Amino acid sequence: MFYIGCHLSASGGFLKMGKTALELGANTFQFFTRNPRGGSAKPMDPEDAASLMALCKAHNFGPLLAHAPYTLNACSKDEKIRDFAYRTFVDDLERLEYLPGSLYNFHPGSHVGQGMEVGIAQITDILNRVLSPSQKTTVLLETMAGKGSEVGSRFEEIRAIIDGVKVSEKIGVCLDTCHVHDAGYDIVNNLDGVLDEFDRIIGLDRLCAVHLNDSMNPFESHKDRHQKIGEGALGLDAVREIINNPRLRHLPFYLETPNDEAGYGREIELLRSIYKESL
Ligand code: FE
Ligand code: FE
Ligand code: ZN
């Protein structure tokens, strides 16, 4: 099964997103748990969540991907910001229990001058305070482009965080194709080499999702600007290799390209046309 979806606005509620996904030819989607640049979350509507779960089941959706706000920084130098990250994490995970089996993706954070080791220790600390063996959500560390003091642009950093997490079965990784290319992993010319490296350092069993984006910037630029599929530094041939790769093709893919809904619909149609149903 090819699980393909895109980022959708959560402003109309849960069921609305499921219906929009269907209209766009998607069988999964990503959404922000709250205002991506602020903090407030809408009150939880359990009935709306249950309606979405029923729709997902009826249409064989892949796992839904909830994205934490960008303002969540688990390794900020500022203790108040770290505390906001902790409280947001707890609140989001509680709410996601109404969407059982979902994934929760977050940017590991920016250590802002504290150094990589301190950053990794603070991220691990928050994860150890929020993860519980009974939760129904898997939390994903997103691979980053390495902008500024971002943690998580090297596979070794992701591995170091995972190594410190006690509830190990609830932690996974989301690979962002724009970010890893910007970070200096050559998925255009050496996809299999990059996957070998991912497997050796992190373990491919940790990989739960792919953010499928092209990049506006060249290889190793450490920029993080997404481009439409086939229109950036990756190009359509590389994207075709990625979605059909035997080690990736079973994973859910989520578009975060600069598109409106109609544009996402066209990209999903394009991707379905180049996905090989069998190898
Ligand atoms: Fe992200
Ligand atoms: Fe992403
Ligand atoms: Zn990005």
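How many of the residues of β8 are buried? Six of its six residues are, so the strand is mostly covered, where buried means under 20% relative accessible area, exposed over 50%, and partly exposed in between (1.4 Å probe, protein chains only).

This is a predicted model, in which local features need pLDDT of at least 70 and side-chain atom pairs count only at pLDDT 80 or more, while totals for chains, interfaces and linings use all residues. Residues are numbered from 1 along each chain as its sequence is written, chains are lettered from A and ligands numbered from 1 in the order in which they are written, and side-chain values use heavy atoms, with hydrogens and water left out.

**Strand β8 and its neighbours**

Helices (H or I, at least four residues) and strands (E, at least two) are DSSP runs, numbered from the N terminus. From β8, the residues I171, V173 and L175 point one way, and G172, C174 and D176 point the other way. In general, side chains in a regular strand alternate between the two faces of the sheet.

Two strands pair if DSSP finds at least two bridges between them. Strand β6 (residues 138-142) pairs with β8 in the parallel sense over four bridges, and L140 stands opposite G172 of β8. Strand β9 (residues 207-212) also pairs with β8 in the parallel sense, over four bridges. Here H211 in β9 is the bridge partner of D176.

**The iron site**

Both D176 and H211 are also protein donors of the iron ion (ligand 2), together with E142 and E256. Donors are N, O and S atoms within 2.8 Å of the metal (3.2 Å for Na, K and Ca); water is not among the atoms, so sites may look incomplete. The donor atoms are OE of E142, OD of D176, ND1 of H211 and OE of E256, at 2.0 to 2.2 Å from the ion.

The angles among the four donor atoms run from 84 to 170°, and the site is irregular. Four donors count as tetrahedral if all angles lie between 85 and 135 degrees; four count as square planar and six as octahedral if opposite donors are over 155 degrees apart and all others between 65 and 115; anything else is irregular.

In sequence, the donor residues follow the spacing E-x33-D-x34-H-x44-E. D176 lies in strand β8 (residues 171-176) and E256 in the loop between β12 (253-255) and α9 (261-274), so that this pair links distant parts of the chain, 80 residues apart. D176 is buried, with a relative accessible area of 0%, and E256 is buried at 13%. A second iron ion (ligand 1) is 3.3 Å from ligand 2, and E142 coordinates both.

**Salt bridges**

A salt bridge is a side-chain nitrogen of Lys or Arg within 4 Å of a carboxyl oxygen of Asp or Glu. The whole structure holds ten salt bridges, including those in the table.

| Pair | N to O distance | Relative accessible area |
|---|---|---|
| R34 and D91 | 2.7 Å | R34 9%, D91 29% |
| D196 and R247 | 2.9 Å | D196 43%, R247 27% |
| R240 and D237 | 2.8 Å | R240 27%, D237 56% |

R34 forms a salt bridge with D91. Because R34 lies in the loop between β2 (28-32) and α2 (46-58) and D91 in helix α3 (residues 79-96), the pair ties together parts that are 57 residues apart in sequence. R34, D91 and D92 are linked in a network of salt bridges.

R240 and D237 are three residues apart in helix α8, so about one helical turn separates them.
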